[in-house]
Each structure stands twice: as structure tokens, then as C-alpha cells.
Amino acid sequence: MNTTDLSQTPIAEEGNFEVQLNKSGQILQVTKDQSILKVLQDAGHDVPFSCSEGICGTCLTPVVAGKPDHWDMYLTPEEQEKGDCIMVCCSRSQTARLVLDL
């Protein structure tokens, strides 16, 4: 049995990672050329968004586990350091799995 906690494992070299939706348990693959928002939309999830550039804060999503890689300009450095939310339009993951409160 593999007990590796992917939410604590560093992201793979190629930049791909998984997003797990906490409420359903669904796991989605995010490649290096995709945004989390696009992957969520492609899977049929209605996530609010507006600017798609990490400026407005509309797509702010709570993080349950994993370490976000913040690429936004909305959160303060202190908020980014907490790691408890992410702008899914532009930010990525520093861990192999990011669990979102969706």
C-alpha cells in the first residue's frame, strides 16, 4: 500500500500536478500549459472568475491541503504565506496534489 501524501510531495519536474476536489473527491490532472480554472471548467465545474489574470480576486478558492504556488497580484505576501487559498485562474501548485475546498 502506498501511503505517500501527495499534498506534501514536491511537484514533478515536468510541472504537472493534481487538483483534488474535497467535497466530491474527484481528482483532476493539471498539465504545465493549463490553468486550474480551465481544468475545472473542462470538468464541468462552475467556478466564478472575471479577469483571469490574478488581479480581481473573483476566483479565490480555499485550499484544504497542499502548497499553492501563487502567481497572482491580489493576495498580500502574508496571505500567500498562509497557503490557505489560491487564485485558480493563474496560480499553480508546489506540491504533487492540491486539495481545494470545492
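Which residue forms a salt bridge with Arg-97? Keep that in mind as you open the model, which is a predicted one.

**Stop 1: the Arg-97 pair**

Select Arg-97 and Glu-18. These two form the salt bridge, and their closest N and O atoms are 2.6 Å apart. Now look at where each one sits: Arg-97 belongs to strand E7 and Glu-18 to strand E1 (residues 17–21), so the pair ties together parts that are 79 residues apart in sequence. Are they buried or exposed? Arg-97 has a relative accessible area of 18%, so it counts as buried, the cut-off being under 20%. Glu-18 is buried too, at 16% relative accessibility.

**Stop 2: strands E1 and E7**

Next, show E1 and E7 as ribbons. The two strands run parallel, with four bridges joining them. To see one spot along this pairing, pick Gln-20, which stands opposite Val-99 in E7. While you have E7 (residues 97–100) on screen, turn on its side chains. Arg-97 and Val-99 point one way, Leu-98 and Leu-100 point the other way, and all are buried.

**Stop 3: strand E3 and its partners**

Add strand E3 (residues 60–65) to the view. E3 and E7 run antiparallel, and two bridges join them. Click on Ala-65 and you can find its bridge partner in E7, Val-99. Then click on Val-63, whose bridge partner in E7 is Leu-100.

E3 also pairs with strand E5 (residues 85–87). Here three bridges join the strands, and they run antiparallel. Select Thr-61 to see Ile-86 of E5 standing opposite.

**Stop 4: His-70**

Move on to the loop between strand E4 (68–69) and helix H2 (77–82), where you'll find His-70. His-70 is buried, with a relative accessible area of 15%. What does its side chain reach at 3.2 Å? Zoom in on Gln-80: the target is that residue's backbone oxygen. Then bring up Asp-72, whose side chain is joined to the side chain of His-70 by a polar contact of 3.5 Å.

Want to see who else is around? Setting aside residues up to four places away in sequence, His-70 touches Leu-75, Gln-80, Gly-83, Cys-85, Ile-86 and Ser-91. You met Ile-86 at the previous stop, opposite Thr-61.

**Stop 5: Gly-83**

One of the residues touched by His-70 is Gly-83, so select that next. Gly-83 is in the loop between H2 and E5, and at 17% relative accessibility it counts as buried. Which residues is Gly-83 in contact with, leaving aside neighbours within four places in sequence? They are Val-63, Pro-68 and His-70. Val-63 should look familiar from its bridge to Leu-100 in E7.

Now try a distance between C-alpha atoms. Those of Gly-83 and Lys-67 are separated by 6.1 Å, with the two residues 16 apart along the chain.

**Stop 6: the other salt bridge**

A search of the whole structure finds two salt bridges, and you began with the one between Arg-97 and Glu-18. For the other, select Asp-42 and Lys-38, whose closest N and O atoms are 2.8 Å apart. Both residues lie in helix H1 (residues 36–42), four residues apart, about one turn of the helix. Switch on the surface here: Asp-42 is exposed, with a relative accessible area of 52%, and Lys-38 is partly exposed at 40%. Compare that with the opening pair, where Arg-97 and Glu-18 are both buried.

Key:
Residues are numbered from 1 along each chain as its sequence is written. This is a predicted model: local features need pLDDT of at least 70, side-chain atom pairs count only at pLDDT 80 or more; totals for chains, interfaces and linings use all residues. Side-chain values use heavy atoms; hydrogens and water are left out. Two strands pair if DSSP finds at least two bridges between them. Buried means under 20% relative accessible area, exposed over 50%, partly exposed in between (1.4 Å probe, protein chains only). A polar contact is a pair of N or O atoms within 3.5 Å; within protein, one must be able to donate a hydrogen and the other to accept it, and residues adjacent in sequence count only if both atoms are side-chain atoms. Contact means heavy atoms within 4.5 Å. A salt bridge is a side-chain nitrogen of Lys or Arg within 4 Å of a carboxyl oxygen of Asp or Glu.
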